[in-house]
Amino acid sequence: MFLLPVDTQRSLIGKVARALNPHGRFLFTAPREAGTWADGMTGLPSYSLGHEAYEREIVAHGLGLVGNDVDEGDNHYYFTAKR
């Protein structure tokens with residue numbers, strides 16, 4: 001998700017929400033903190049909206065944030081489900 005420009009991330013959340021069946025799930029990863037950086041693997045610019053902004057986008061598109069997790073590499077996961 002974070003390799004996409006900010007406007008594309010917002011648009012993608014809406015497109016996924018419309019494509020999901022009721023109770024369908026969507027998982028993505030992006031840092032909890034808002035920011036911009038060069039991706040370590042690709043060198044491409046990366047963008048995080050930040051947890052609060054992702055949650056606002058999720059809810060605005062009819063999804064619910066049903067969980068979060070962080071792995072050993074400090075990658076932050078967002079678990080969503082369509083209401």
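Q: Which residue follows α2, and what is its phi?
A: That's G62, with a positive phi near 80°. The model here is predicted: local features need pLDDT of at least 70, side-chain atom pairs count only at 80 or more, and totals for chains, interfaces and linings use all residues. Residues are numbered from 1 along each chain as its sequence is written, and side-chain values use heavy atoms, leaving out hydrogens and water.

Q: Why is α2 called a helix?
A: A helix is a DSSP run of H or I with at least four residues, numbered from the N terminus (strands: E, at least two), so α2, residues 51-60, counts as one.

Q: What makes one side of α2 the buried one?
A: H51, A53, Y54, E57 and I58 are buried (under 20% relative accessible area, 1.4 Å probe, protein chains only; exposed is over 50%, partly exposed in between). Seen down the axis of α2, they fall within an arc of 165° (taken from the directions from the axis to the C-beta atoms), so they line one face. The face turned away carries exposed E52, R56 and A60.

Q: What do the buried residues of α2 pack against?
A: They pack (heavy atoms within 4.5 Å) against α1, β1, β3, β4 and β5.

Q: How do you know that β1 and β5 pair?
A: Pairing takes at least two DSSP bridges, and β1 and β5 have five, so they pair. They run antiparallel, and F28 has Y78 as its bridge partner in β5.

Q: What makes β1 and β4 the edge strands?
A: The open sheet has the order β1-β5-β4, with antiparallel pairing. β1 and β4 each pair on one side only. Seven bridges join β4 to β5, and G67 has F79 as its bridge partner in β5.
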